[in-house]
Amino acid sequence: MPSARRLVLAWALLTALTVASMVAGSMGAGMGGAAVILAVTLIKARQILDIYLNLRAATTGWRVAFTALILLILGIVLSALALAQVLP
Amino acid sequence: MNTAVETETDAGTDDWGALSALPGNPLMWVLILSEMLVFGALLAGFAAMHLIDPAGHAVGQAALDPIMGGLNTIVLVTSGLFIALAVRARVDGQIRPARLWSAAAMVLGVVFLAVKAVEYADKAALGIGMETSNFFTLYYLTTGFHAAHVIAGLVVLGLVSWKCTVENLETGAAFWHMIDLVWVLIYPVVYLIR
């Protein structure tokens with residue numbers, strides 16, 4: 001179980017990254033902006049898993065598996081966005 | 001010797017296989033994985049819509065308020081901090097602070113639902129409903145299903161605050177963090193990515 005200090009640091013990072021995503025979203029910088037927002041989302045999801053859910057206490061295999069699942073979901077979204085730009 | 005082994009097994013040291021390597025209740029992790037797959041499929045639906053009907057997707061998304069969605073993200077990650085602090089306090093043997101942190105997390109859960117209700121009311125005032133477009137059908141399915149999880153989570157947190165053992169609170173908190181995790185994935189895909 002993480003310390004209270006570690007939990008508060010994770011919350012501060014999650015809040016800061018959420019505000020950064022909101023700013024990036026309002027700028028609407030196309031594919032680049034979308035990639036940044038989804039990269040930030042990956043970091044936020046990992047913080048919740050590793051710190052709030054204490055997944056860092058699990059084996060490397062589980063940590064990799066959860067990261068892979070998040071990457072799969074976000075990858076599908078980014079791929080669709082990229083294809084929508086290319087297709088007529 | 002055999003009796004000792006049987007007694008140990010009966011006492012609850014069950015072998016969950018690979019799930020034993022995860023912290024907390026293994027069944028909660030099965031639920032977390034299942035929910036990630038379900039909501040992942042819904043988000044893939046948004047991605048497919050973006051691909052098939054980019055104009056319709058853009059029109060639907062433009063009617064959403066990313067500030068409200070972002071506000072609700074901050075509300076949920078803060079409630080996640082509060083329930084994590086509740087578990088931290090309970091592990092340290094502090095039952096009353098654990099219950100207070102848990103109550104604070106529940107209050108923010110109610111705030112999340114209130115903000116969501118305001119969003120739904122705004123859409124209704126504009127004449128936007130579930131059948132307005134494919135985008136809004138998926139929007140209401142995804143966010144409504146998530147809101148139903150928040151309501152269930154409030155009940156779970158109420159129960160584990162009442163029967164406030166370390167294991168109960170850890171399990172209830174894991175359910176709440178799963179709701180938090182899913183929303184962190186929903187918000188950028190539904191509200192931000194254009």
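**Exercise 1. The make-up of chain B**

How many helices and how many strands does the secondary structure of chain B contain?

*Solution.* The model is predicted, so local features need pLDDT of at least 70 and side-chain atom pairs count only at pLDDT 80 or more, while totals for chains, interfaces and linings use all residues. Residues are numbered from 1 along each chain as its sequence is written, chains are lettered from A and ligands numbered from 1 in the order in which they are written, and side-chain values use heavy atoms, without hydrogens and water.

Step 1. Helices (H or I, at least four residues) and strands (E, at least two) are DSSP runs, numbered from the N terminus.
Step 2. Chain B has seven helices and zero strands, and its pattern along the sequence is α-α-α-α-α-α-α.
Step 3. The C-alpha trace of chain B spans about 70 × 35 × 20 Å along its principal axes.
Step 4. Of its 194 residues, 48% count as buried, a term that means under 20% relative accessible area, with exposed over 50% and partly exposed in between (1.4 Å probe, protein chains only).

**Exercise 2. Helices α2(B) and α6(B)**

Determine how α2(B) and α6(B) are arranged, and describe their contact.

*Solution.* Step 1. The two axes come within 10 Å and cross at roughly 160°. Such axes are lines fitted to C-alpha atoms, for helices over the stretch in contact, and angles run from 0 to 180 degrees between N-to-C directions.
Step 2. The pair is therefore roughly antiparallel; angles under 35 degrees count as roughly parallel, over 145 as roughly antiparallel, 65 to 115 as roughly perpendicular and the rest as oblique.
Step 3. Contact means heavy atoms within 4.5 Å. Among the residues that make the contact are B:F39, B:L42 and B:F46 of α2(B) and B:L138, B:Y139 and B:H149 of α6(B).
Step 4. The residues of this contact comprise nine nonpolar, five polar and one charged. Here Ala, Val, Leu, Ile, Met, Phe, Trp, Tyr, Cys and Pro count as nonpolar, Asp, Glu, Lys and Arg as charged, and the others, Gly among them, as polar.

**Exercise 3. The nonpolar core**

Identify the residues with the most contacts inside the largest nonpolar core, and the helix that gives the most to this core.

*Solution.* Step 1. A nonpolar core is a set of buried Ala, Val, Leu, Ile, Met, Phe, Trp, Tyr and Cys residues joined through side-chain atoms within 4.5 Å.
Step 2. The largest one has 83 residues, and A:F66 and B:Y139 have the most contacts inside it.
Step 3. Helices of both chains each supply at least two residues, including α1 of chain A and α5 (95-125) of chain B. The greatest contribution, 18 residues, is that of α7(B).
Step 4. Beyond four places in sequence, B:Y139 is in contact with residues including B:F46, B:Y120 and B:Y191.

**Exercise 4. Three single residues**

Are B:I32, A:S21 and A:N54 buried or exposed, and where is each found?

*Solution.* Step 1. B:I32 lies in helix α2 of chain B and is buried, because its relative accessibility is 0%. Apart from residues up to four places away in sequence, B:I32 touches A:L53, A:F66, B:A174 and B:M178.
Step 2. A:S21 belongs to helix α1 (residues 4-27) of chain A and is buried at 3%. Its contacts beyond four places in sequence are A:I37, A:V40 and B:L192.
Step 3. A:N54 sits in the loop between α2 and α3 of chain A and is buried, with 13% relative accessible area. Although not a glycine, A:N54 has a positive phi of about 60°. Most residues other than glycine have a negative phi.
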